[in-house]
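Open your viewer, switch to a cartoon view and keep the selection box handy. We will pick out one piece after another and look at what is there.

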Amino acid sequence: MTTTDPVLVVLPDTLDGQPDPAAAELIGAASTLGAPVVLARSADHADALGGLGATKVATSELSLIDATVAAIDTFNPQAILTAHDVRGRDLAARVAIRAGRALLTDATNVRRDDQGVVTDHSNYGGAFTAVAAATHSAPVVTLRLGSVDTRAEATNAEVIEVTGDARERRVAEVVESTPVERTSSRPELTTADKVVAGGVSLGDADMFEELVGGLADALGAAVGATRSAVDEDQVPYEAQIGQTGVLVSPKLYIGVGISGAVQHLVGMQTSGTIVAINNDEDAPIFEIADFGIIGDLFDVVPEIISEIESRK
């Protein structure tokens, strides 16, 4: 394997008519292995993807699964990368079966050694780490977003149409396709560099928005939450971090009123710097926090917001 060998990056979605927000990180990760080749849903994104480091942009009129398999046949990549989210996990499993490839999920890093592609994994809430490699074929890898900082240099991407057999079963006819549109100006949770998350102790949706949302806006951060806060309708499900929500790995994570149940820690424990605000000095989250503030969040958070705003 050489740095010019292709690495296939699959982007299932678009956002506000732009490439998937995960594109920069996935292409950056692919660039550490070889030459990033991106399978995108539209050739209109070729210039944007080239600016993120894609050497080639593949498009296809086939279904996403069929198109991915066709791209594998076309480029013979040394690895296939996609995001470790709902769409990515479904895609990876189907493609691994169809293409007869090894499957490595929830990787926090991808790299090469003299034998081939290697992935790093954080397991059981960070209790231990593991290293994995495929014993046959180029692996299909799902990458935990926010875990790779590397970004690729801009290129002039070549657009290539891939064709193949349409084997994927169609169980529904798509009458109209509408790109995902975000209604919030805040950063995307799964790819944000900074995340402020709140727990159920905020009390209600208004207080959650005032304190967690206010601190997030002061920092230019995304908003996250625990499952209990979501269950109490303090915040939409899309903000849920943890075992049954999304996995985040920002450079800065601030937990407001979060005790630190293992189900939540699984979703954020790989963050770069963790700050915990809680009035219970025995809260489990303090065991993994880099910085802890013991105090009443209703007093502490407004003071932090005020201090940040004054320094601006």
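Begin with helix 3, remembering as you go that this is a predicted model. Helix 3 has twelve residues, and from its first C-alpha to its last it reaches 16 Å, close to the 16 Å expected at 1.5 Å a residue. To find helix 3, select residues 64-75.

**Inside helix 3**

Now show the surroundings as well. How many of the twelve residues of helix 3 are buried? Ten are, so the helix is largely enclosed by the rest of the structure. Color the buried ones if you like: they are Leu-64, Ile-65, Asp-66, Ala-67, Thr-68, Val-69, Ala-70, Ala-71, Ile-72 and Phe-75.

What covers these buried residues? The cover includes several strands, among them strand 1 (6-10), strand 4 (35-39), strand 5 and strand 6 (80-83). Strand 12 (158-161) and helix 4 (86-99) also belong to the cover. Try showing each of these elements in its own color around helix 3.

**The two ends**

Go next to Asn-76, just after helix 3, and look at its backbone: phi is positive there, at about 45°.

Then move to the other side of the helix and select Ser-60. This residue sits in the loop between strand 5 (56-59) and helix 3. Is Ser-60 buried or exposed? With a relative accessible area of 11%, Ser-60 is buried, because buried here means under 20%.

Show the side chain of Ser-60 as sticks and look for its polar partners. A polar atom of this side chain lies 3.1 Å from the backbone nitrogen of Leu-62. The backbone oxygen of Val-162 also lies 3.1 Å from a polar atom of the Ser-60 side chain. Leaving aside residues up to four places away in sequence, Ser-60 touches Ala-67, Glu-161 and Val-162. Of these, Ala-67 is one of the buried residues of helix 3 that you colored earlier.

**Zooming out**

Finally, bring the whole chain into view. Its secondary structure comes to eight helices and 17 strands. The C-alpha trace spans about 60 × 45 × 40 Å along its principal axes. A compact globule of 312 residues would have a radius of gyration near 20 Å, and the 21 Å of this chain agrees with that.

Of the 312 residues, 49% count as buried. Among contacts with a separation of 6 or more, 65% join residues 24 or more positions apart. Switch on the surface to end the tour: the chain exposes about 15300 Å², of which carbon and sulfur atoms supply 47%.

Conventions: Residues numbered from 1 in each chain as written. Predicted model: local features only at pLDDT ≥ 70, side-chain atom pairs only at ≥ 80, totals over all residues. Heavy atoms only, no water. Helix = DSSP H or I, 4+ residues; strand = E, 2+ residues; numbered from the N terminus. Buried < 20%, exposed > 50% of the residue type's maximum accessible area, 1.4 Å probe, protein only. Polar contact = N/O pair within 3.5 Å; in protein donor to acceptor, adjacent residues only side chain to side chain. Contact = heavy atoms within 4.5 Å. Expected span 1.5 Å × (residues − 1). Rg over C-alpha atoms; globule rule 2.2 N^0.38 Å. Areas by Shrake-Rupley, 256 points an atom, 1.4 Å probe, with all protein chains shown as cover.
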